[in-house]
Amino acid sequence: MEVLIAEHSGFCVGVERAFRIALETAEASKSAYMLGNLVHNKLVVERLKNFGVKTVSDISEIPHGAQGILIISAHGVGPEVYEAAKKLKLEILDTTCPWVKKAQKIAKEFSDEGRLVIIVGDKGHPEVKGIVGWSGGKANVVEKVEDLGKLGLASETPVGILAQTTQPEEHFDAMVSALRKIAKDVREYDTICGATTKRQSAAVELARRVNLVLVIGDRLSANTKRLTELCAKTGTETHQIETVEELSVGWLVGKKKVGITAGASTPEWVVQDVIKALRSAPAGRARSSKSLSQ
Ligand code: SF4
């Protein structure tokens, strides 16, 4: 059995950088707080916890007088969080991805120019909440074309439109075209980083060449779920697993080529565990569906 790995898979550069910085800080045994989860992956969150990093969902959970470092995740935060950290006299370790920083800067620029700011993205996502903060809290977040109509925009309103970094390019283009039919003065800035698109194209390309695809990643990770959907759509048998413990021997029966891809929040050590198990699997002879790690 041949094991093939997607060309772009696993931690994106932004998450890899944030994780490395957070671990280095924790290893230096400084008292550290992580604001929100570094990524949507419980194994990563668990590892940081084991190194003593305390996760808080809001800065108000950090007691006054607590000394230490506040780690800002790759998704970034609004300016109000920097202010609050300063008041609490916390040292800030900012791991905001440079792509996200760029989107924050553009939102602020649009807002300073007096434009109505529109962000194409997922309202509940921490990255989007942070970008809204940089627009002075005034940005409108839209997910689909129909949402634009609900803004009640006058045609002469100056507008600036940007995107959450992980949005599909075609979707952003469609939103900009629809907006241009409503407003006359539109400034657009494509703030999409491309990591998601590259992972998706590589996963689909791989799925077409193999007999089975294993997508590794947390079930709460939206980008991992999307990879699973796209691979399954090719018609190739596809399974999403969180860890090697979920890998079933039965899936491997008769499979000559197995493809592996992983979400942008999946750490490399989890991917390597799966590859190791596959390489030592009794491929072609396996009949039961018990876990390979048993
Ligand atoms: S998906 Fe892109 S923008 Fe988001 S953290 Fe990764 S590299 Fe940065």
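I will go through the domains, the two sheets and the surroundings of the ligand in this structure, which is a predicted model.

Let me start with the domains. The assignment for the chain gives three of them: domain 1 takes in residues 2–10 together with 195–279, domain 2 covers 13–97, and domain 3 covers 99–188. Between domain 1 and domain 2 the C-alpha centres are 29 Å apart, and the contact between these two domains involves eight residues of domain 1 and seven of domain 2. On the domain 1 side of that contact, the residues are four nonpolar, three polar and one charged.

Now to the sheets, beginning with the one that contains β1. This is an open sheet of four strands, ordered β1-β12-β10-β11, and its pairing is parallel. The strands β1, at residues 2–5, and β11, at 237–241, are at the edges with a single partner each, and so each has one side without a neighbour in the sheet. From one strand to the next, the twist averages 25 degrees. If we look at one pair in detail, β10, at residues 212–216, is joined to β11 by five bridges in the parallel sense, and within that part of the sheet valine 213 is opposite threonine 238 of β11. Helix α10, residues 268–279, lies across β1, β10 and β12, and its direction makes an angle of about 170 degrees with that of β12.

The second sheet is also described as open, with four strands in the order β3-β2-β4-β5 and parallel pairing. Here the edges are formed by β3, at residues 54–56, and β5, at 91–94, each of which pairs on one side only. Neighbouring strands are turned against each other by 30 degrees on average, with direction ignored. Strand β4, residues 69–72, runs parallel to β5 and is joined to it by four bridges, and isoleucine 69 is found opposite glutamate 91 of β5.

That brings me to the ligand. Which residues are closest to the ligand? Of the 14 residues that surround the ligand, the closest are Cys12, Gly14, Cys97, Trp99 and Cys193. The elements that supply two or more residues to this shell are α1, at 13–27, α4, at 98–112, and α8, at 195–207, and it is α1 that gives the most, with three residues. As for the character of the shell, how many of its residues are nonpolar, polar or charged? The division is 10 nonpolar and four polar, with no charged residues.

Terms used:
Residues are numbered from 1 along each chain as its sequence is written. This is a predicted model: local features need pLDDT of at least 70, side-chain atom pairs count only at pLDDT 80 or more; totals for chains, interfaces and linings use all residues. A residue is near a molecule or strand if its C-beta atom, placed from the backbone, lies within 6 Å of it. Ala, Val, Leu, Ile, Met, Phe, Trp, Tyr, Cys and Pro count as nonpolar, Asp, Glu, Lys and Arg as charged, and the others, Gly among them, as polar. Domain bounds come from an automatic or database domain assignment. Two strands pair if DSSP finds at least two bridges between them. Axes are lines fitted to C-alpha atoms, for helices over the stretch in contact, and angles run from 0 to 180 degrees between N-to-C directions.
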